[in-house]
Amino acid sequence: MNDFAGFTTKQAHGSNRSMPIYLDYQATTPTDPRVVEAMLPFFTEVFGNPHSRNHRFGWDAEEAVEKARAQIAQIIGANEKEIIFTSGATESNNLAIKGVARFHKDQKRHIVTCVTEHKCVLDSCRHLELEGFRITYLPVQKNGLIDLDQLRDSISDETALVSIMAVNNEIGVIQPLAEIGGICRERKVYFHTDAAQAVGKIPLDVQAMHIDLMSISGHKIYGPKGIGALYVRRRPRVRLEALISGGGQERGMRSGTLPTPLCVGLGEACRIAGAEMGAEAERLRALQTRFLDKITAELPEVYVNGDLEHRIPGNLNLSFAYVEGEGLMMGIKDLAVSSGSACTSASLEPSYVLRALGVEEELAHTSLRIGLGRFTTEAEVDHAVERIVGEVRRLRAMSPLWEMAQEGIDLKSIKWAEH
Amino acid sequence: MAYSNKVVDHYENPRNVGAFDKGDAGVGTGLVGAPACGDVMKLQIKVSPEGIIEDAKFKTFGCGSAIASSSLVTEWVKGKSLDEAQTIRNTDIAEHLALPPVKIHCSVLAEDAIKAAITDYRRKTADTAVEPTEAPESGHVA
């Protein structure tokens, strides 16, 4: 018996378990094999420095980089001359916000952003506060979207830039970009949007939406990690101060030799996304609906965080009341998801995004983010639902809060000792 | 986060999940933590007239370490006198389960849950019994 038990334990915790089902597409995406294929020649064959003007190696690399630039421009309705390569959306956001603010600091010292922005936007703004800029952090409504009247009221003659993300990374909600762009254009304020989670997922058009700067990420759209882009409008021209000093590449806005294979990868990822976005969105919408319908048919007291209508189809953020998120994740180790619970970070604070929606702390602790993507199958969705339903039931059966709720006790009536 | 095998074992096979009747005179109930903090433990002990913990049950809302900590203490308190159970320290729990530093609060909560259950039982018996049933607290000041 003991041998048996020992054997079973070893099996269960051995290293040769099969990989979990990947449901974390907002964290990152696998590089599409077609992208990898397109990149490969640029490591060993076409390895030249795209900035070398004197020989074939340089010219071929430059041609590849410029083709990629055009592919990126195309998916957002821009001109290729308006695309600046960066190391990723974090750098793009830093460059857009700090770059524009610092360039115009003598005339304008106010920036408008929103509380649910990605940390790299919020942290860039914090830095600018230290440099003497005034920042308005717009709240969001219960559905995760900003209030356009509040945006209008926040803009003054002092405002240099409005930075509002296109799609939120935790709850997948889509901000009203065209309306925001319209307001900014009317008030002659630059509009920057962090579109890391939006490019290739929803149609974007920098002209129609009056977007002046847009951050793009490679690895969120089945491209490689370590590459991104910033769209910088040329007419009317957006001026910004570079963050990196050097050889003046990328029209002086971002010095450094371009990583040709990564640029090619980002270009190819945009080409594929542009060609397949419609069909992919439809397929993911069906999977999202299937997921949610099955979960809510099986489990009571499951809440969707963020607007369901104005949302990318690849995201669900659900609160499973009375079951703590990290505890739940431990029970579904064969699913790679992420949680808004405190315990997944060292901070002990639940997700600031969910808190900003007005989700109560106790519900924020019970949330899971489920990210569906290009390689998610219906069978994976069905398996994930089955596992989540089973584990939520098991954990609710051992949850004192569930027990109290069933007894009709109002949890808010209890004086909890916060620790 | 990587959990120790002991945490995983208690999480997957929690011991003594359940509830006793709160109104039962021999039952002490401790409810500690707060939903807003992501951890709530309910620990119940069933105490014999001789002051020995005969049985224990728990329910926990929390992460794997919180569930494991409460499951473990239900095992530890069984068969102990109230005074013995009172001496269980969070450091013993954390050490036994190999909890990482960010999870120490789970073991603290489990210790608090034992103490709360004992206090509840003592208050109940003090209310119903005429004569004091327990030695004064000063008997085990460390």
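Which residue is the bridge partner of Ala34(B) in S2(B)? In this predicted model, the partner that Ala34(B) finds in S2(B) is Asp39(B). That pair leads into the pairing of S1(B) with S2(B), two strands that run antiparallel and are joined by eight bridges.

The sheet that holds these strands is open and has three strands, in the order S1-S2-S3 of chain B, with antiparallel pairing. Because S1 and S3 of chain B stand at the edges and have a single partner strand each, one side of each is left without a neighbour in the sheet. On average, and with direction ignored, neighbouring strands of this sheet are turned by 10° against each other. A helix, H2(B), packs on the sheet, where H2(B) touches S2 and S3 of chain B, and the direction of H2(B) makes about 175° with that of S3(B).

From the sheet we can turn to the contact between the chains, which takes 23 residues from chain A and 26 residues from chain B. On the side of chain B that touches chain A, the elements that give two or more residues are the strands S1 (27-34), S2 (39-47) and S3 (53-61), together with the helices H1 (5-12), H2 (64-77) and H5 (104-128) of chain B. The element that gives the most to this side is S1(B), with four residues. Sorted by character, the residues that chain B brings to this side divide into 17 nonpolar, seven polar and two charged.

How values were computed. Residues numbered from 1 in each chain as written. Chains lettered and ligands numbered in written order. Predicted model: local features only at pLDDT ≥ 70, side-chain atom pairs only at ≥ 80, totals over all residues. Contact = placed C-beta atoms within 7 Å. Nonpolar A, V, L, I, M, F, W, Y, C, P; charged D, E, K, R; others polar. Pairing = 2+ DSSP bridges. Axes fitted to C-alpha atoms, helices over the stretch in contact; angles between N-to-C directions.
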